[in-house]
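Trainee: Got a minute to walk me through this one? I'd like to start with the charged side chains.
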Amino acid sequence: LFSLNVSGQAAAPYSEDFDAGSIPAGWSVACDGGGSGFVFSGNPGYYASTSSGNTAAAGTFAWIDFSSNDVGCWMQMVDIDVSSLTSTLLTFDLFSDIGTYSTSPNFLDVEAYDGSAWILVATFYQFTTGWDIQFVDCSGYDVGGILTLRFRAESSGLSTDYYNDIL
């Protein structure tokens, strides 16, 4: 799903490139409503396949396969210490390219924890042409200098949502 850089963490800046083929240390994944959720190995289907439109090697990105009942699936990052920063910018590479298939985009949300609930920081409801870098200003979303972020993916609701695996 991404190669990402966040300005902050126990050692600023924090970067994760997902090259281990498994969930990074300190990260967590789950689906509140069912499904397989985010995975870190294997090969997505359709145009997101590494033998089709996706130019990244398998095992070097996180992704979610919308071929099953994925509902409320999220991937939470390690907490980031941003107390020494005046602004915080999240950057990540997004692949949401369906090639010649036809469907609507699935949703990718960036959420921050405010100490009692998850709040929406940004929504990505779009197709990309291959891998596309995204920027999210996370300034002011920390609690006491600690920034807690997660990525949440949701289906478009269409029966053809499986054409749009999000990487």
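Mentor: Sure, definition up front: a salt bridge is a side-chain nitrogen of Lys or Arg within 4 Å of a carboxyl oxygen of Asp or Glu. Keep in mind that this is a predicted model, where local features need pLDDT of at least 70, side-chain atom pairs count only at pLDDT 80 or more, and totals for chains, interfaces and linings use all residues. Residues are numbered from 1 along each chain as its sequence is written, and side-chain values use heavy atoms, with hydrogens and water left out.

Trainee: OK, how many salt bridges does that rule give?
Mentor: The count is four.

Trainee: What does arginine 152 pair with at 2.9 Å?
Mentor: Glutamate 154, with 2.9 Å between the closest N and O atoms. Arginine 152 also has a salt bridge to aspartate 109, at 2.8 Å. That second pair ties together parts 43 residues apart in sequence, because arginine 152 lies in strand β13 (residues 149–154) and aspartate 109 in strand β9. Strands here are DSSP runs of E, at least two residues, numbered from the N terminus.

Trainee: Is arginine 152 buried or exposed?
Mentor: Buried, because its relative accessibility is 17%. The cut-offs are under 20% relative accessible area for buried, over 50% for exposed, and partly exposed in between, using a 1.4 Å probe and protein chains only. Aspartate 109 is buried as well.

Trainee: And what about glutamate 111, which partner does it meet?
Mentor: Arginine 150, in a salt bridge with 2.6 Å from N to O. Glutamate 111 sits in strand β9 and arginine 150 in strand β13, 39 residues apart. Both of them are buried. Put together, Asp109, Glu111, Arg150, Arg152 and Glu154 form a linked network of salt bridges.

Trainee: Switching topic: where does asparagine 106 lie?
Mentor: In the loop between β8 (89–95) and β9 (107–113). Asparagine 106 counts as buried because its relative accessibility is 1%.

Trainee: What does its side chain reach?
Mentor: The side chain of asparagine 106 gets to the backbone nitrogen of serine 156, at 2.8 Å. Beyond four places in sequence, its contacts (heavy atoms within 4.5 Å) include Phe66, Tyr125, Glu154 and Asp161.

Trainee: Last one, alanine 30: which strand is that in?
Mentor: Strand β3, residues 28–31. Alanine 30 is partly exposed, because its relative accessibility is 29%.

Trainee: And what does alanine 30 touch further along the chain?
Mentor: Setting aside neighbours within four places, alanine 30 contacts Gly72, Cys73 and Trp74. Alanine 30 and cysteine 73 are 43 residues apart in sequence but 5.7 Å apart in space, C-alpha to C-alpha.

How values were computed. Helices (H or I, at least four residues) and strands (E, at least two) are DSSP runs, numbered from the N terminus. A polar contact is a pair of N or O atoms within 3.5 Å; within protein, one must be able to donate a hydrogen and the other to accept it, and residues adjacent in sequence count only if both atoms are side-chain atoms.
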